[in-house]
Structures are given as C-alpha cells and as structure tokens.
Amino acid sequence: MKAQPADQAKLLELQDIDVSISRGNTQRANLPERAQLGELESSLALARAETRKTLAELEELRAELSRAENDVELVETRIARDAKRVEESSSVKDVKGLQHELEVLRQRLAVLEEVELEVMERLDEAEKQFSTAQAHAQDVERQMDEVNRSLEAALASSDEELATLRASRDALIHTIPEDLLALYERQRERYGYGASLLRAGMSSASGVKLTESDLQSVRKAAEDDVVLCPDSNAILVRTHESGLS
C-alpha cells in the first residue's frame with residue numbers, strides 16, 4: 001500500500017486520540033464512586049435489616065408492656081373493690097376473708113409492678129437500639145446521596161471529555177485516505193495499536209527496538225510505502241526521528 005508520509009503521520013495523532021478515548025472509557029467504567037456505592041449498598045442492607053430487627057423487638061416489648069399494665073390495672077381494681085367492701089361490710093367473717101384476699105392481691109400487685117418496671121426498662125433500651133439503627137441507616141442513605149451526586153458529576157465530565165475526543169477523531173479521519181484508515185482500523189482492532197512511531201529505531205507501540213535486519217528493510221522502503229511494525233503489527237510511521245539515516 002502507498003500513502004503520503006504526511007497522511008501516515010496523521011495516524012499518530014489518531015492513535016493518541018484513540019488511546020485517550022479508550023483510557024476515558026476505562027476510567028468512566030471504573031470511577032471510584034462506583035466501588036463506594038457498592039460498599040454503601042451493602043452497609044445500607046445491613047443497617048435496614050438491623051432497623052427492622054430492633055423495630056420488631058420494640059413492638060413486641062410494647063405489647064408486653066401493655067399486657068403488664070392491664071394486669072396491674074385489673075389487680076388494682078380488685079383491691080379497690082375489696083377495700084370498699086371491707087368498709088361497707090358488717091360481717092366480721094366477711095371482713096376477715098376480704099382482708100386475707102386483699103393481702104394476697106397486694107402481694108400479687110407488687111410482683112406485677114416489678115414485672116411492669118422490668119419491661120419498661122427493656123423497652124427503654126430497645127427504643128435506644130432502634131433509634132441508633134434508624135440513625136445509622138439514615139446516615140448511610142445520606143452518604144449514598146452524596147456519592148451519587150459525585151458520580152453524576154464525574155460521568156458528566158467524562159461524557160464531555162469523550163465527546164470532545166470523538167469530535168476531534170471524526171474531524172481527523174476525514175482527512176485520511178480511506179484505504180489507509182481502513183488498514184489502521186483493522187490493525188488496531190486486531191492488535192490494539194493501529195499506528196506506531198519509529199523513533200531512534202524503536203517502535204512506540206511495542207516498546208522494542210527493531211533488529212538491524214528489520215531496520216534495513218524499513219530503510220529500503222520508499223517514503224510512501226506503508227510499512228508494518230514487525231513486533232506490534234501497527235503501521236510504522238517514519239519521521240526524521242526514526243534513526244534510519
């Protein structure tokens with residue numbers, strides 16, 4: 001294939017743009033915010049599970065306290081009723097029986113009030129645990145909102161940068177002969193690099209210095225011959241820096 005040296009030189013600029021686009025796409029896919037969001041999503045799942053668990057315990061204790069309060073109220077009602085009957089009764093035998101019952105009821109009330117107090121203490125602790133779990137989940141959600149905003153900003157910046165690079169590429173490829181551009185695209189797709197600068201006998205794509213026999217072959221080629229790098233298979237672009245003279 002033949003191509004003017006100036007057209008071949010344009011491939012180096014095109015190669016730089018393609019490398020920048022590839023690097024930009026990689027950076028876009030691996031933005032640190034994505035990893036942060038993954039970690040925060042896991043934290044949020046755990047925080048929400050802890051919130052549900054502590055809420056269930058809280059509701060169970062509230063029901064238990066309600067039952068304890070009802071038990072106390074029932075005994076207090078019976079004590080008040082029996083005390084009134086004692087005051088109103090004229091039967092010594094009945095009064096004696098009621099006083100015994102009152103003594104039993106008051107003992108029962110003391111036990112129930114201890115149970116009620118113990119449940120209230122557990123309820124107070126459960127409310128603290130629920131509040132802590134709920135606050136933690138809300139804090140993780142707030143962090144996720146911040147990271148999402150940061151991610152959106154980074155994506156917008158990346159999109160803008162990539163759009164500029166693609167526009168530059170589109171403008172450049174229209175100045176390159178079709179057959180040369182097609183070869184560049186083919187080699188880039190197959191081998192990763194479409195063009196390589198030969199500088200001081202070294203190919204920029206492979207990072208390897210050409211052997212003397214390869215350099216001799218390159219020297220023999222005409223200026224408008226399209227030569228491939230023997231190591232990277234990219235189009236070898238020759239300039240005054242190539243070290244061929």
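**Stop 1: a negative patch**

Start by selecting Glu 69, Glu 73, Glu 76, Glu 113 and Glu 114, which together form a negative surface patch. Keep in mind as you look around that this is a predicted model. Now colour helix 2 (32-88) and helix 3 (92-173), the elements that each give two or more residues to the patch. Which of them gives the largest share? That is helix 2, with 3 residues.

Next, click on Glu 114, which you will find in helix 3. Is Glu 114 buried or exposed? Its relative accessible area is 59%, and exposed means over 50%, so Glu 114 counts as exposed.

**Stop 2: a link between helix 2 and helix 3**

Stay with these two helices and show the side chains of Glu 101 and Arg 78. They meet in a salt bridge, with 3.3 Å from N to O. Glu 101 sits in helix 3 and Arg 78 in helix 2, so the pair links distant parts of the chain, 23 residues apart. How accessible are the two partners? Glu 101 is partly exposed, at 26% relative accessibility, and Arg 78 is partly exposed too, with a relative accessible area of 38%.

Now select Arg 81 and Asp 82. These two form a salt bridge as well, and their closest N and O atoms are 3.4 Å apart. Look at how the partners are covered: Asp 82 is buried, at 0% relative accessibility, whereas Arg 81 is partly exposed, at 42%.

For a bigger group, select Asp 18, Arg 169, Glu 185 and Arg 188. Salt bridges that share partners join these residues into one network.

**Stop 3: from the start of the chain to a loop**

Which residue does the side chain of Lys 2 meet in a salt bridge? Select Asp 224 to see the partner: the N to O distance is 3.4 Å. This pair also links distant parts of the chain, with their positions 222 residues apart in the numbering. Lys 2 lies in the segment before helix 1 (5-29), and Asp 224 lies in the loop between helix 5 (212-220) and strand 3. Lys 2 is partly exposed, at 49% relative accessibility, and Asp 224 is partly exposed with a relative accessible area of 25%. If you would like the whole set of salt bridges for the structure, the count comes to 20.

**Stop 4: strand 4 and its neighbours**

From the loop that holds Asp 224, move on to strand 3. Strand 3 (residues 227-228) pairs with strand 4 in the antiparallel sense, over 2 bridges. Select Leu 228 and then Ile 235 in strand 4, its bridge partner. The hairpin of these two strands has 6 residues between them, and Asn 233 there takes a positive phi near 65 degrees.

Now bring in strand 1 (residues 195-199). How does strand 1 pair with strand 4, in the parallel or the antiparallel sense? The two pair in the parallel sense, over 4 bridges. Select Ala 195 and you will see that it stands opposite Ile 235. Ile 235 therefore turns up in both pairings: as the partner of Leu 228 and opposite Ala 195.

To finish, show the side chains of strand 4 (residues 235-238). Ile 235 and Val 237 point one way, while Leu 236 and Arg 238 point the other way. Are these residues buried or exposed? All of them are buried.

Notes:
Residues are numbered from 1 along each chain as its sequence is written. This is a predicted model: local features need pLDDT of at least 70, side-chain atom pairs count only at pLDDT 80 or more; totals for chains, interfaces and linings use all residues. Side-chain values use heavy atoms; hydrogens and water are left out. Patches are made of residues with over 30% relative accessible area and no salt bridge: like charges are joined within 9 Å, nonpolar side chains (Val, Leu, Ile, Met, Phe, Trp, Tyr) within 5 Å. Accessible areas come from the Shrake-Rupley method with a 1.4 Å probe; for residues, only the protein chains shown count as cover. A salt bridge is a side-chain nitrogen of Lys or Arg within 4 Å of a carboxyl oxygen of Asp or Glu. Lys and Arg count as positive and Asp and Glu as negative; His and the chain ends are not counted. The place of a charge is taken as NZ of Lys, CZ of Arg, CG of Asp or CD of Glu. Buried means under 20% relative accessible area, exposed over 50%, partly exposed in between (1.4 Å probe, protein chains only).
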